Amino acid sequence: MSTVMAEQDLPGLLIMGIGGTHGVQESLAALLKKHFSVITMKELLENKKEVGKKIQCIFVSEFRPTIDQELLESLPNLKVIGNSGVGVDHLNLKMISNFGVRVTNTPHAVADSTADMGMALMLASARRLVEGSQIAVSPDTNYFAADWLGVEVTRATLGIIGMGRIGYKVAQRARAFEMKILYHNRNRRSQEEEQAVGACYSEMEDLLQQSDFVMLVVNLTPQTEKLIGKKELGLMKPTATLINISRGAVIDQDALVEALQNKTIKAAALDVTYPEPLPRNHPLLKLNNVIITPHIGTATVQATHMMAEEAIANMLSVLNCQPIPSEVFPQ
Ligand SMILES: O=C(O)C(=O)CO
């Protein structure tokens, strides 16, 4: 007897995202279809009453759509929202939990690609890659590298703010560049963990004063909103670079613009901004000491697949009443 469930017997899963015809890349839709009867937003909107009853899970892919009260009211059998990604600041956790719905995230799948992105931004900013690329393709071929010298990250001091999974992976990578690594975190890492990557715990103020590169890797919470403002930027060296791979709102962006314009700090490299994308007339887009990428920390073939796999495992655990690998709770 076959143990493969017929499509109509699989739990209904709503995909919320904007890529491809299913709301995610086709390859991810195929992965999800092995375990779920996949329903698109369009199908739900066409027949809310009937289709709504079938949905037990929502898979939130990369584009952070709104999950509001009205949507939750239309899904009486919803049990879990499987977020693809670690940050859940786009979800109203309290409101969702009032509906008895669990929320899960994917902290393991995102760690390597996001840490790589932090390193990529640090190196790109230090070695002025974006400017270099523009010069290389410009009509003016009469350029001198000596006019736009970069700096080396090797043996420089890196201050990591937020030493969770991603922060720690950044430290592992930075060690290969012989960097002096300072970190600040709510909870200090064990001595063994610190020694394994050669990282020293530091108070925020000391970290900001001593680092050549400051990298933000914290979750966005009410405690970390505008964690880096005028005062903190003022503590940084005028030769220092601020790198953000967490969330845009962790920085007071007006203060950052001012600090970059006044050369309080040398440069910024941001994978995240507030809002995303920035309005095209935003002053950050006019500065040549800034690199901005469009929140692509996990935009790799490998990470998107691992995130889907981690989210699937989380959602199936909820449906099967098993221990949930990565559940997120309201604060
Ligand atoms: O996983 C997330 O939430 C990210 O934003 C990674 O860049």
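**Exercise 1. Is Lys226 buried or exposed?**

Work from the predicted model. Place the residue, then check its backbone.

*Solution.*
- Step 1: Lys226 sits in the loop between strand 9 (213-216) and helix 11 (230-235).
- Step 2: its relative accessible area is 51%. Exposed means over 50%, so Lys226 is exposed.
- Step 3: its phi is near 55°, a positive value in a residue other than glycine.

**Exercise 2. Treat His295 likewise.**

*Solution.*
- Step 1: the loop between strand 12 and helix 13 holds His295.
- Step 2: phi of His295 is near 50°, again positive in a residue other than glycine.
- Step 3: relative accessibility is 23%, so His295 counts as partly exposed.

**Exercise 3. Describe how helix 6 packs on helix 13.**

*Solution.*
- Step 1: take the geometry. Helix 6 (residues 107-126) and helix 13 (residues 301-319) have axes that come within 8 Å and cross at roughly 165°.
- Step 2: classify the angle. Angles over 145 degrees count as roughly antiparallel, so helix 6 and helix 13 are roughly antiparallel.
- Step 3: assign the hand. The crossing is left-handed.
- Step 4: list the contact. Helix 6 supplies Pro107, His108, Ala109, Val110 and Ser113, while helix 13 supplies Ala303, Met306, Met307 and Glu310.
- Step 5: sort these residues by class. Six are nonpolar, two polar and one charged.

**Exercise 4. Repeat the analysis for helix 1 and helix 13.**

*Solution.*
- Step 1: the axes of helix 1 (residues 26-33) and helix 13 are 10 Å apart, at an angle of about 20°.
- Step 2: angles under 35 degrees count as roughly parallel. Helix 1 and helix 13 are therefore roughly parallel.
- Step 3: the crossing of helix 1 with helix 13 is right-handed.
- Step 4: from helix 1, Ser27, Leu28, Leu31 and Leu32 take part; they meet Thr304, His305, Ala308, Glu309 and Ile312 of helix 13.
- Step 5: the class count is five nonpolar, three polar and one charged.

**Exercise 5. How many aromatic pairs does the structure hold? Give the geometry and setting.**

*Solution.*
- Step 1: there is one aromatic pair.
- Step 2: Tyr183 and Tyr201 form it, with 5.4 Å centre to centre and 80° between the planes. Planes over 60 degrees apart count as edge-to-face, and this pair is edge-to-face.
- Step 3: Tyr183 belongs to strand 7 (residues 180-184) and Tyr201 to strand 8 (residues 199-201), so the pair ties together parts 18 residues apart in sequence.
- Step 4: compare accessibility. Tyr183, at 0%, counts as buried. Tyr201, at 26%, counts as partly exposed.

**Exercise 6. Characterise two loop residues, Met179 and Ser61.**

*Solution.*
- Step 1: Met179 lies in the loop between helix 8 (165-176) and strand 7. Its relative accessible area is 7%, so Met179 is buried.
- Step 2: Met179 and Ala156 are 23 residues apart in sequence, yet 5.2 Å apart in space, C-alpha to C-alpha.
- Step 3: beyond neighbours within four places in sequence, the contacts of Met179 include Met122, Arg155, Ala156 and Phe213.
- Step 4: Ser61 is in the loop between strand 3 (55-60) and helix 4 (69-73). With a relative accessible area of 2%, Ser61 is buried.
- Step 5: leaving out residues up to four places away, Ser61 touches Met16, Gly17, Ile18, Gly23, Val24 and Ser84.

**Exercise 7. Where do Pro275 and Pro277 lie, and what joins Tyr274 to Pro275?**

*Solution.*
- Step 1: Pro275 is in the loop between strand 11 (267-270) and strand 12 (290-292). Pro277 is also in the loop between strand 11 and strand 12.
- Step 2: a cis peptide bond links Tyr274 and Pro275, with omega about -5°.
- Step 3: Glu276 and Pro277 are joined by a cis peptide bond with omega about -10°.

Definitions and conventions
Residues numbered from 1 in each chain as written. Predicted model: local features only at pLDDT ≥ 70, side-chain atom pairs only at ≥ 80, totals over all residues. Heavy atoms only, no water. Axes fitted to C-alpha atoms, helices over the stretch in contact; angles between N-to-C directions. Helix = DSSP H or I, 4+ residues; strand = E, 2+ residues; numbered from the N terminus. Parallel < 35°, antiparallel > 145°, perpendicular 65-115°, else oblique. Left-handed = near helix turned anticlockwise from the far one by under 90°. Contact = heavy atoms within 4.5 Å. Nonpolar A, V, L, I, M, F, W, Y, C, P; charged D, E, K, R; others polar. Phe/Tyr/Trp six-rings, centres within 6.5 Å; stacked < 30°, edge-to-face > 60°. Buried < 20%, exposed > 50% of the residue type's maximum accessible area, 1.4 Å probe, protein only.
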